[in-house]
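Here are my comments on the model you sent, set out as numbered points. Please read them with the structure open beside you.

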Amino acid sequence: MKIDWTRNETLVALVILAFCLLAALSDPGFLSIATLTDLLRGGIVLGIFAVAAMLVLISGGIDVSFTAIAAFTMYVTAMVLNAALPWLPWWAALGFGMAVGAGLGAINGILIAGFGLPTLIVTLGTLSIFRGFMLTFIGQKQITTLPPGMREFGRMMLIRGENADGSFYNLHGAFVVTVLVIVFTWFLLQRTMLGRQIYAIGGSVESARRIGINVKGVQFFIYVYVGMLAGLAGVIHASMARVANPFDLVGLELSVIAAVVLGGARLAGGHGTLTGTVLGVALIVLVRNSLIVLGIPATWQSVTIGILILVGTGLPAWQAKRAAARAA
């Protein structure tokens, strides 16, 4: 099978291999099950966010409100379940969070699909509204006693073990949820008419309308689905952290969008794959966890991610320009 060296997925995979090699040379203990479980655990919430962001980018939009939706949802879910529904099992707690997130995503959907407002402006606005609401009515108050269902979910482990030095490692059961989200979204995009419509809208909204696609309906679905995934990620984050902090996840948007762009999604829409997104998430998690191993201060993390974003967006543009020049 011929390898396409111009594809983002191939380039990201090579960068991941290079990072792993450098980290292993700096610290032979890097290639261990403890490191692997740390990396997989670090990709659980980031992976769900990236799937949501990828869907929006494919449709030709951009959403920066998903972390605010997640933070709002995890706090509301913990508060409501503690006060009125402490008997809910863990799977129902996840479902409750998804419903709250879907409701918040519907606000974006109504403003974007119903009123035709720009996606970036709307999601910046709702991000400020959700965070401002929490700052006004909640402040810095954290919920340290989570409802029983969330506590139960927080204790679920796929893998648990002990290293030779006596330290412990584990992989949370939420990793399975992330895999299910990826598989379901892949099926949605690749095996359904709705998925093809999402790609068509990202390619050209006017062309999609001319061939009979209900553009407003598809756009509304996208933002409800993104809100649902953000709500799920928020509840998972709180369950794993054993606390609902209303200002957790702030600033994670940069890493998420970086992962999706590195994976090949384009801001212009119409392009993006889950394979590329997963590789992008792997690279971002690797960067966030391996800089210290390589002897690079953690303060350079944002600089590194910013460089990766520039490379991830600039390289495809340069390749497209070269292809156009050859065709001419």
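1. I begin with a pair of helices, α2 and α11, which are oblique to each other because their axes cross at roughly 60°, an angle that falls neither under 35 degrees nor within 65 to 115. Please keep in mind throughout that this is a predicted model.

2. Helix α2 covers residues 33–58, while α11 covers residues 253–262, and the axes of the two come within 9 Å. The handedness of their crossing is right-handed.

3. Which residues bring these two helices together? On the α2 side they are L46, F49, A50, A53, M54 and L57, and these meet S255, V256, V260 and V261 of α11. For reading such a list, it helps that an α-helix has 3.6 residues a turn, so residues three or four places apart point the same way.

4. D38 also lies in α2, and its relative accessibility of 33% means that it counts as partly exposed, since that class lies between the 20% and 50% limits. The side chain of D38 is joined to that of R41 by a polar contact of 2.6 Å. In space, D38 is 9.8 Å from L286, C-alpha to C-alpha, although 248 residues separate them in sequence.

5. Turning to helix α1, residues 8–26, I note that its 19 residues reach 27 Å from the first C-alpha to the last, which is close to the 27 Å expected at 1.5 Å a residue. Its buried residues include the polar or charged N8, E9 and T10, and also V12, I16, F19, A23 and A24.

Conventions:
Residues are numbered from 1 along each chain as its sequence is written. This is a predicted model: local features need pLDDT of at least 70, side-chain atom pairs count only at pLDDT 80 or more; totals for chains, interfaces and linings use all residues. Side-chain values use heavy atoms; hydrogens and water are left out. Helices (H or I, at least four residues) and strands (E, at least two) are DSSP runs, numbered from the N terminus. The expected span of a helix is 1.5 Å times one less than its number of residues. Buried means under 20% relative accessible area, exposed over 50%, partly exposed in between (1.4 Å probe, protein chains only). A polar contact is a pair of N or O atoms within 3.5 Å; within protein, one must be able to donate a hydrogen and the other to accept it, and residues adjacent in sequence count only if both atoms are side-chain atoms. Axes are lines fitted to C-alpha atoms, for helices over the stretch in contact, and angles run from 0 to 180 degrees between N-to-C directions. Angles under 35 degrees count as roughly parallel, over 145 as roughly antiparallel, 65 to 115 as roughly perpendicular and the rest as oblique. A crossing is left-handed if the near helix is turned anticlockwise from the far one by less than a right angle, and right-handed if clockwise. Contact means heavy atoms within 4.5 Å.
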